Amino acid sequence: MTILSELNDDIIRSMSVGAVFSDFGGKINSLDFHRTADVLVTASDDDLVRFYDITNAQLVKTTYHKKHGADRVCFSHHPSSVICSSKYNLDSNGESLRYLSLYDNRCLRYFKGHKDRVVSLCMSPVNDSFMSGSLDHSVRMWDLRVNACQGILHLRGRPTVAYDQQGLVFAVAMEGGAIKLFDSRSYDKGPFDTFLVGGDTAEVCDIKFSNDGKSMLLTTTNNNVYLLDAYHGEKKCGFNMDSSANATIEASFTPDGQYVLSGSGDGNIHAWNISDEPNKIASLDSHIGVAACLRWAPRRVMFAAAAASVLTFWIPDDAKADAEPGAPAPAS
């Protein structure tokens, strides 16, 4: 598999399914790549967490979580440990988050506090802090080294959280299209800036910063995708990704910040070049329906997409790129 170098439109257009995993016994809820190791983790409705080697496209490990379930998942800094949110028994024991070692299938720590499902989860890129947003209308700050919650924000609606790539700033999206930016070191003083995404009051279900920190990517529950200027909050562009399929979708930056890829209710994966004026360059048949989970690998020319109970790995098809240099994007 190719190590990430400079991407271009032809490479994006040539992306094709290189591996398919269809052994899931339930819907795939989330997936995450490790920042520096070539591994991927998934959590799914069959109460399993699966661990993949992406260089060989192999399932390496499966762990079972029948008591708590497996909903949101993200890597810690160690490539064989993850944070996973629970689906069951939230009222009875409050064990809404678990720090898991996939190496020996142990729970290293429980984190109690949330009273409803965690719908957003992210790890700080620079230290042992992580954040969770829950349907109980709160965002909680945690530290992997201690059980106790380190801080809490009470908000309206469904909160969605993300750190920037330097770990200095985090964003919280909330009801009414409001995005609040906090200084990670002094979040208790309140947000230092607030943006309003005008014209769309749907709840934000995902938010991401580009690696260069210049842009933010928002996905709403009605399948609109917005590209925002991360400094001033201006909406650079918006894409409607067809909500008729009644399934939410995820969008992703490429590591160089030059492209955005997104699932869609029409069953395709759409790609835009955003380096200047946003320009749609490809519409790829996902082959698996509505891609509710989609992430580009941090270090590779590869992305993963999941729809329902099928996971796909996408890599460049060199023959396709060579046969159609500079070919226009298919009509969508």
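Start by selecting Y163 and F170: both residues are buried, where buried means under 20% relative accessible area, exposed over 50% and partly exposed in between, with a 1.4 Å probe and protein chains only. You are looking at a predicted model, in which local features need pLDDT of at least 70, side-chain atom pairs count only at pLDDT 80 or more, and totals for chains, interfaces and linings use all residues. Residues are numbered from 1 along each chain as its sequence is written, and side-chain values use heavy atoms, with hydrogens and water left out.

**Stop 1: the rings around Y163**

Keep Y163 in view. Its place is in strand β14 (residues 160–163); strands here are DSSP runs of E with at least two residues, helices are runs of H or I with at least four, and both are numbered from the N terminus. Y163 counts as buried because its relative accessibility is 10%.

How many aromatic pairs does the structure hold? There are 13, counting rings of Phe, Tyr and Trp (its six-membered ring) whose centres lie within 6.5 Å, with planes under 30 degrees apart called stacked, over 60 edge-to-face and the rest tilted. Y163 and F170 make one that is edge-to-face, at 6.1 Å centre to centre and 70° between the planes. Now add F182 and Y187 to the selection: together with Y163 and F170 they form one aromatic cluster.

Next, show the neighbours of Y163. Leaving aside residues up to four places away in sequence, Y163 touches a list that includes C122, M123, S124, P125, V169, F170, S184 and F209; a contact means heavy atoms within 4.5 Å. For a distance to draw, try Y163 to V126: they are 37 residues apart in sequence and 10.0 Å apart in space, C-alpha to C-alpha.

**Stop 2: S124 and its loop**

From Y163, step across to S124, in the loop between β10 (118–123) and β11 (129–134). Is S124 buried or exposed? S124 is buried, because its relative accessible area is 2%. Beyond residues up to four places away in sequence, the contacts of S124 are H77, S129, F130 and Y163.

**Stop 3: the four-stranded sheet**

Now colour the strands on either side of that loop and carry on along the sheet. Four strands form an open sheet in the order β10-β11-β12-β13, with antiparallel pairing; two strands pair if DSSP finds at least two bridges between them. The edge strands are β10 and β13 (146–154), each of which pairs on one side only. From one strand to the next the twist averages 20°, using axes fitted as lines to C-alpha atoms (for helices over the stretch in contact) and angles from 0 to 180 degrees between N-to-C directions.

Zoom in on β11 and strand β12 (residues 138–143), which pair in the antiparallel sense over six bridges. To find one of these partners, select S132 and look to β12, where its bridge partner is R140.

**Stop 4: a strand enclosed on both faces**

Move on to strand β20 (residues 224–229). Six of its six residues are buried, so β20 is largely enclosed by the rest of the structure. Which residues lie on each side of β20? N224, Y226 and L228 are on one side, with V225, L227 and D229 on the other, and all are buried.

Show the partners of β20 too. Strand β19 (residues 215–220) runs antiparallel to β20 and is joined to it by five bridges; L218 has Y226 as its bridge partner in β20. In the hairpin of β19 and β20, with three residues between the strands, N223 takes a positive phi near 65°.

β20 also pairs with strand β21 (residues 235–240), in the antiparallel sense and over five bridges. Here N224 stands opposite N240 in β21. The hairpin of β20 and β21 has five residues between the strands, and G233 takes a positive phi near 85° there.

**Stop 5: two loops with positive phi**

Most residues other than glycine have a negative phi. Select A57, in the loop between β4 (48–53) and β5 (58–64): A57 is not a glycine, yet has a positive phi of about 50°. A57 is partly exposed, with a relative accessible area of 29%.

Then go to N105, in the loop between β8 (95–101) and β9 (106–112). N105 has a positive phi of about 55°, although it is not a glycine, and is partly exposed at 42% relative accessible area.

**Last stop: colour by confidence**

Finish by colouring on pLDDT, the predictor's confidence in each residue, from 0 to 100. The chain has a mean pLDDT of 91, and 95% of its residues reach 70 or more. Over residues 325–332 the pLDDT is below 50, and this stretch has 15 contacts in the model beyond near neighbours in sequence. Where pLDDT is low, the predicted coordinates should not be read in detail.
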